[in-house]
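Reader: I'm new to this one, so please walk me through a single part of it up close. Here is what I'm looking at.

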Amino acid sequence: MTDLTQTLLAEIAARREALVALTQGLVRIPTLNPPGRQYRELVDWLAARLQTHGWEVELIRAEGAPGDSDRWPRWNLVARIEGASPGDCVHFNGHHDVVEVGEGWTRDPFAAEIEDGRIYGRGTCDMKGGIATAIIAAEAFVAANPGFSGAIELSATADEESGGYGGVAYLAERGYFSPERVQHVIIPEPLNKDRICLGHRGVWWAEIETKGRIAHGSMPFLGDSAIRHMGAVLEEMERALFPLLAGKRTEMPVVPDGAKQSTLNINSIHGGEAEPEPGFTGFPAPCVADRCRIVIDRRFLIEEDIAEVKDEVRALMERVKAERPGFAYEIRELHEVIPTMTDRDAPVVRSTAAAIEKVLGAQPDYVVSPGTYDQKHIDRIGRLRNCIAYGPGVLDLAHQPDEWIGIDDMVDSAGVMALVLAELL
Ligand SMILES: [Zn+2]
């Protein structure tokens, strides 16, 4: 190990307690999303902590973004440390919102208790531990290299769990991720300390409705069942669409392996009379369903074109229509994200790979996420391609009961991040 590597790792080791305290402080503010609780408390607490360590801090409310209201304001924090001379800017971005607690916990989800080298709580792994790790890495780097050139930025952003529109998307639209301001982005999502996540698959969400005609259930021949029409749609999906998707394989290193193909999930199905209120004890009324709806969640590959993805579904609907008299349908598009994958030769990828080898003594794994995360906004709105997700924590623990993060894993990842700063700045 070189002297600089040793100095950086020593600076991080000296901050182990601070890293734990920072993670615990963040976890103890339950920023549950939805609806977006205590965002302001979290950014205020973090701002005070950062300001005492030399960061310039800005708080930004995503006014008018989806979900933003006076009751549930979408608060974001951007902090910056300027170097001694001009140079590149490395930006760490972490979301500060967490998902609901859910059932099955054996511990207090917001106490951030420590046991056997792990900190437990909602958001430890996804991803307050990652935010704390990036902060400690930056502070250790600055202590070891006060004369560095360039700048380090850190953002703690809202709403990643609900699409990131009140968080990274809002900041990207205002130039916070433009290539003139920021040259390298690391998102410390929990992907395991030895893996570099280059990007994600694409998404297309749509609602499909079949139409029918209401009639008395004892004389269904007088109506037209939207549910039977939808049944034909589902049958055609089983016959033609699912096998087609299973046959499409990507060169992207998507994990887990099952997500290396195109996938489609049917998120919901509703048809006919609405579900009775809970507690209602009567019988349903006999009616032919006049409409039936499904929501589909299609995940696609970098090799696929989104127009082709949509055409497959439209063509399927047309085939069903050609065979069924009176068949009428509508497709409403809900949401789409184009796949993204950073080049393995990009500077942030190469320096992270080299740092993983130095700190962990092993080659990194390169992966692509089956689902999207905030990189989509940095790529699409910010136009910045030099972006990865890299951070401590076990991905499978995200959103689970008894979520935890390993303290040693955070320390190792902080070492990797500090070495990346030394390489890039
Ligand atoms: Zn996350």
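At roughly how many degrees do the axes of α8 and α10 cross?

Author: They cross at roughly 130 degrees, and the axes of α8 and α10 come within 8 Å. (An axis here is a line fitted to C-alpha atoms, for helices over the stretch in contact, and the angle, from 0 to 180 degrees, is taken between N-to-C directions.) A quick word before we dig in: this is a predicted model, where local features need pLDDT of at least 70, side-chain atom pairs count only at pLDDT 80 or more, and totals for chains, interfaces and linings use all residues. Residue numbers start from 1 along each chain, following the sequence as written.

That crossing angle makes α8 and α10 oblique to each other, because under 35 degrees counts as roughly parallel, over 145 as roughly antiparallel, 65 to 115 as roughly perpendicular, and the rest as oblique. The α8 and α10 crossing is also right-handed: the near helix is turned clockwise from the far one by less than a right angle, whereas an anticlockwise turn would make a crossing left-handed. On the α8 side, the contact is made by P347, S351, T352, A354, A355, I356, K358, V359 and L360. On the α10 side, the partners are D412, G415, V416, L419, V420, E423 and L424. (Contact means that two C-beta atoms, placed from the backbone, lie within 7 Å.)

Now for α8 itself. It covers residues 347-360, which is 14 residues, and reaches 20 Å from its first C-alpha to its last, close to the 20 Å expected at 1.5 Å a residue. (That expected span is 1.5 Å times one less than the number of residues; helices are DSSP runs of H or I with at least four residues, strands are runs of E with at least two, and both are numbered from the N terminus.) Its buried residues are V348, V349, S351, T352, A355, I356 and V359. Seen down the axis of α8, these fall within an arc of 170 degrees, so they line one face of the helix. (The arc is that of the directions from the helix axis to the C-beta atoms. A residue is buried with 20 or more other C-beta atoms within 10 Å of its own, exposed with 12 or fewer, and partly exposed in between, with C-beta atoms placed from the backbone.) In general, an α-helix has 3.6 residues a turn, so residues three or four places apart point the same way.

What sits over those buried residues? The cover includes β7 (184-187), β8 (195-200), β15 (387-389) and α10 (407-424). Just after α8 ends, G361 takes a positive phi of about 65 degrees.

Let's swing over to α10. This helix has 18 residues and reaches 26 Å from its first C-alpha to its last, close to the 26 Å expected at 1.5 Å a residue. It is mostly covered, with 15 of its 18 residues buried. D408 sits in α10 too, but this residue counts as exposed, with 12 C-beta neighbours inside 10 Å. Between the C-alpha atoms of D408 and P392, which are 16 residues apart along the chain, there are 9.3 Å.

Not far along the chain, take a look at H399, in the loop between β15 and β16 (404-406). H399 has a positive phi of about 70 degrees although it is not a glycine. That's worth a glance, given that most residues other than glycine have a negative phi, and most peptide bonds are trans. H399 counts as partly exposed, with 14 C-beta neighbours inside 10 Å. D116 also has a positive phi, near 50 degrees, without being a glycine. You'll find D116 in the loop between β4 (114-115) and β5 (118-120), and it is exposed, with 8 other C-beta atoms within 10 Å.

As for cis peptide bonds, one runs from P34 to P35, with omega near 5 degrees, and another from V255 to P256, with omega near -10 degrees. P35 is in the loop between α2 (16-27) and α3 (39-51), while P256 lies in the loop between α6 (226-246) and β10 (263-271).

To set beside your helix pair, try α1 (residues 3-13) and α4 (residues 124-144): their axes come within 9 Å and cross at roughly 125 degrees. That makes α1 oblique to α4, and their crossing is right-handed. Here the contact is made by T7, L8, E11 and I12 of α1 with I136, A137, A140, F141, A143 and A144 of α4.
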